[in-house]
Amino acid sequence: MMDSNAVKRYSSLLTPAWNRLPPRLREVLRRRLRKKAAPEALPEALRERLDSVGFSTSTPDTSPAIYDCFAALADSGVLGDYYEFGLWQGYSFCVAQAAASSAGRTEPQFFGFDSFMGLPPLTGPDAESREFKAGDYAGSFEEVVSNLNHFGVDWERTHLVKGWYDHLPGSAAHVATKMGPAALVLVDCDLYESTVPVLQFVRDRIQPGTIVMFDDWNCFDRSDDMGQRRAFGEFLDENPEWKATPLLSFGWHGQAFTMQPVSGRRPEESRPSGVEV
Ligand SMILES: C[S@@+](CC[C@H](N)C(=O)[O-])C[C@H]1O[C@@H](n2cnc3c(N)ncnc32)[C@H](O)[C@@H]1O
């Protein structure tokens, strides 16, 4: 049985070849290769819907965690929109719509952001890493739209933003007026240099009780000097009015935090470094 790291690696090797196949052949192969991607923890009807699309996901444990986060939001009463940074084929994005419905949430708008060209070249603190490389998780915008159609997303509430994250907020100008406070943010873009602009972009949409999920929290051997850990640590240093409380960890890789305003605390107490997760 392959672990999630190996699945990530094989997926990134196969994706370019897959994308070169004619769309009709991809569709036939998808149906033939239908996999047991959807984890048992998800409702059976949802598993069937996901399988019928022929999706892959690099991290199946993220989906039950999205359910858990929507359940936590139902308990806390925090309302707002869903923001996902890093869609690849759209799997977790579709799960989020199903999870929101199952938690009785009809208000969220769903915003999905991606280059639809895979990862950018690795620069900055992650530059020497072999864990990821440029072009991993490449998939076309058209393919993601087709997957979302096949799954049956609600396009009235679904907004895709195409572009590199360092082109935000400009690339999202066409949907800016629709964006409300965030209830749940999934940051699934692997790298430090990708996570920094994402956090800057969502900063003004964070409200008390917003949940932020980092899918790649434990990548890079859990180093605080690389990847999402470094980006979030810097974000909290630069925004001492917010503190992050660990909510749940998922799979070998992921960590969710609940955001709360700091009242009467010294800024340095808001940083999650040293928090056992
Ligand atoms: C691991 S995949 C996302 C997996 C997905 N959430 C799932 O359900 O399986 C990471 C995604 O982040 C996107 N990404 C990473 N860095 C980016 C950047 N700087 N700008 C735009 N997209 C980026 C990639 O294109 C890729 O689709």
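**Group meeting: a helix, its neighbours and some unusual backbone angles**

Good morning; I will begin with the chain as a whole, where 40% of the 277 residues count as buried, a residue being buried if 20 or more other C-beta atoms lie within 10 Å of its own, exposed if 12 or fewer, and partly exposed in between, with C-beta atoms placed from the backbone. Please keep in mind that this is a predicted model, in which local features need pLDDT of at least 70 and side-chain atom pairs count only at pLDDT 80 or more, while totals for chains, interfaces and linings use all residues. Residues are numbered from 1 along each chain as its sequence is written.

The chain has eight helices and seven strands, and these are DSSP runs numbered from the N terminus, with H or I over at least four residues for a helix and E over at least two for a strand. Of the contacts with a separation of 6 or more, 73% are between residues 24 or more positions apart, where a contact means that two C-beta atoms, placed from the backbone, lie within 7 Å.

Let us turn to helix α5, residues 91–102. What span should its 12 residues have at 1.5 Å a residue? The expected value is 16 Å, and the end C-alpha atoms are 17 Å apart, which agrees; the expected span is 1.5 Å times one less than the number of residues. Helix α5 is mostly covered, since 10 of its 12 residues are buried, among them Tyr 91, Phe 93, Cys 94 and Gln 97. The cover over these buried residues includes the helices α3 (44–53), α4 (62–76) and α6 (141–151), together with the strands β1 (81–85), β2 (110–114) and β4 (182–187). After α5 comes Gly 104, with a positive phi near 80 degrees.

One of these neighbours deserves a longer look. The axes of α4 and α5 are 9 Å apart and the two helices pack at an angle of about 30 degrees; axes are lines fitted to C-alpha atoms, for helices over the stretch in contact, and angles run from 0 to 180 degrees between N-to-C directions. On the α4 side the contact is made by Thr 62, Ser 63, Ile 66, Tyr 67 and Phe 70, and on the α5 side by Ser 92, Val 95, Ala 96, Ala 99 and Ala 100. By class, this contact has seven nonpolar, three polar and no charged residues, where Ala, Val, Leu, Ile, Met, Phe, Trp, Tyr, Cys and Pro count as nonpolar, Asp, Glu, Lys and Arg as charged, and the others, Gly among them, as polar.

Ser 92 also appears around the ligand, where Thr 57, Gly 86, Ser 92, Ser 115 and Ser 194 come nearest of 20 residues, a residue being near if its C-beta atom, placed from the backbone, lies within 6 Å of the molecule. This shell divides into 10 nonpolar, seven polar and three charged residues.

Finally, the loops. Most residues other than glycine have a negative phi, and most peptide bonds are trans. Tyr 137, in the loop between β2 and α6, has a positive phi of about 65 degrees, and this residue is buried because 24 other C-beta atoms lie within 10 Å. Phe 220, in the loop between β5 (211–214) and α8 (227–238), has a positive phi of about 55 degrees. The peptide bond from Leu 168 to Pro 169 is cis, with omega near 5 degrees, and Pro 169 is in the loop between β3 and β4.
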